[in-house]
Amino acid sequence: AKANAAVALVSVKATAFIGGDGTLNAGTVLVQAEGVTSSLAQVESPKYQVGVATIAVNAMLSKLAAAQKAYILGVRILGADSVTVLSELNKDGNTAATAKLSANGGGVAVGLVDARANIAVALADCSSHAFMAGVAMDGGALSVLSDASSIASAKVETASFSASYASLGLN
């Protein structure tokens with residue numbers, strides 16, 4: 001009997017801000033938080049498995065929690081041609097949390113009795129905020145933008161060839 005487990009737990013918080021009760025004199029104001037987050041839990045099954053009785057349990061858990069903020073709070077901005085507040089998190093749209101059982105090149109399993117259970121769980125809880133609060137401006141262009149993605153992927157790849165007298169599988 002074989003049991004394989006992979007667990008990846010990631011928690012990230014990032015903040016970019018201007019705050020206070022003063023006055024800011026600037027031609028251009030940019031507050032930017034830019035981040036990429038990921039979490040990977042992976043188990044690779046053997047390329048070849050031969051035996052009389054094979055019992056295998058594979059469990060993968062990938063959990064990602066990310067919070068990102070960009071903001072301006074309680075400031076007076078004078079003389080700015082432009083004010084930009086930007087929060088970008090995983091903006092490329094790639095997978096953030098991944099739980100994966102890889103079949104390592106396809107794989108071959110041969111045995112008399114074969115019982116397998118595969119569990120893959122991926123959770124992505126990501127937030128991105130861009131804002132201004134209590135801010136006074138005397139003019140200029142204003143841009144407040146949040147661009148983010150939160151993607152979870154759980155994959156179970158099984159052997160490309162399997163032969164047995166009795167087989168039970170749960171994916």
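**Group meeting talk: an all-strand chain and its ring cluster**

Okay, let me open with contacts. If you take the contacts in this protein chain between residues at least 6 apart in sequence, 88% of them join residues at least 24 apart. Keep that in mind, since several of my examples are about distant parts of the chain. One caveat before I go on: this is a predicted model.

So what is the chain built from? It has 0 helices and 13 strands. Reading along the sequence, you get β-β-β-β-β-β-β-β-β-β-β-β-β, and yes, I did practise saying that. The chain has 171 residues, and 31% of them count as buried. Its accessible surface comes to about 9,400 Å², with 55% of that belonging to carbon and sulfur atoms.

Now for the rings. There are 2 aromatic pairs in the structure. The pair I'll start with is phenylalanine 17 with tyrosine 71, and these two are stacked, at 5.2 Å centre to centre with 10° between the planes. Phenylalanine 17 sits in strand 1 and tyrosine 71 in strand 5, residues 48–73, so this pair ties together parts that are 54 residues apart in sequence.

Is tyrosine 71 buried or exposed? Tyrosine 71 has a relative accessible area of 14%, and the cut-off for buried is under 20%, so it counts as buried.

Tyrosine 71 also pairs with phenylalanine 131, again stacked, at 4.8 Å centre to centre and 5° between the planes. This pair links distant parts of the chain as well: tyrosine 71 is in strand 5, phenylalanine 131 is in strand 9, and they are 60 residues apart. Phenylalanine 131 has 30% relative accessibility, so that ring residue counts as partly exposed. Put the pairs together and you have a cluster of Phe17, Tyr71 and Phe131.

Let's stay in strand 5 for a moment, because glutamine 68 is there too. Glutamine 68 is buried, at 4% relative accessibility. Which residue has its C-alpha atom 4.8 Å from that of glutamine 68? It's serine 128, and those two are 60 residues apart along the chain. If you leave aside neighbours within four places in sequence, glutamine 68 has quite a list of contacts: Ala14, Ala33, Glu34, Gly35, Ser87, Glu88, Leu89, Ser127, Ser128 and His129.

Another residue to click on is threonine 37. You'll find it in the loop between strand 3, residues 28–35, and strand 4. Buried or exposed, for a loop residue like threonine 37? Buried, at 9% relative accessibility. Not counting residues up to four places away in sequence, threonine 37 touches Val12, Leu64, Ala66, Leu89, Asn90, Ala96 and Cys126.

Follow that loop into strand 4, residues 39–44, and look at its two faces. Ser39, Ala41 and Val43 make up the covered face, while Leu40, Gln42 and Glu44 are on the uncovered one. Strand 4 runs parallel to strand 8, residues 97–102, and 6 bridges join them. As a marker for that pairing, leucine 40 stands opposite threonine 98 in strand 8.

There's also an open sheet of 3 strands, in the order 2-6-10, with parallel pairing. Which strands are at the edges? Strand 2, residues 23–25, and strand 10, residues 136–137, each of which pairs on one side only. Strand 2 and strand 6, residues 76–78, pair over 3 bridges, in the parallel sense. If you want to find the register by eye, leucine 24 has isoleucine 77 in strand 6 as its bridge partner.

Last stop, the outside. Val7, Leu9, Leu61, Ile119, Val121 and Leu123 form a nonpolar patch on the surface, and together they have about 520 Å² of accessible area. Strand 1, residues 2–19, and strand 9, residues 108–133, are the elements that give two or more residues to this patch. Which strand gives the most? Strand 9, with 3 residues. Valine 121 is a patch member that lies in strand 9. With a relative accessible area of 35%, valine 121 is partly exposed.

To wrap up, here's what I'd look for on screen: the ring cluster of Phe17, Tyr71 and Phe131, the open sheet with the order 2-6-10, and the nonpolar patch to which strand 9 gives the most. Happy to rotate things around if anyone wants a closer look.

Conventions. Residues are numbered from 1 along each chain as its sequence is written. This is a predicted model: local features need pLDDT of at least 70, side-chain atom pairs count only at pLDDT 80 or more; totals for chains, interfaces and linings use all residues. Side-chain values use heavy atoms; hydrogens and water are left out. Two strands pair if DSSP finds at least two bridges between them. Helices (H or I, at least four residues) and strands (E, at least two) are DSSP runs, numbered from the N terminus. Patches are made of residues with over 30% relative accessible area and no salt bridge: like charges are joined within 9 Å, nonpolar side chains (Val, Leu, Ile, Met, Phe, Trp, Tyr) within 5 Å. Accessible areas come from the Shrake-Rupley method with a 1.4 Å probe; for residues, only the protein chains shown count as cover. A salt bridge is a side-chain nitrogen of Lys or Arg within 4 Å of a carboxyl oxygen of Asp or Glu. Buried means under 20% relative accessible area, exposed over 50%, partly exposed in between (1.4 Å probe, protein chains only). Rings of Phe, Tyr and Trp (its six-membered ring) pair if their centres lie within 6.5 Å; planes under 30 degrees apart count as stacked, over 60 as edge-to-face and the rest as tilted. Contact means heavy atoms within 4.5 Å.
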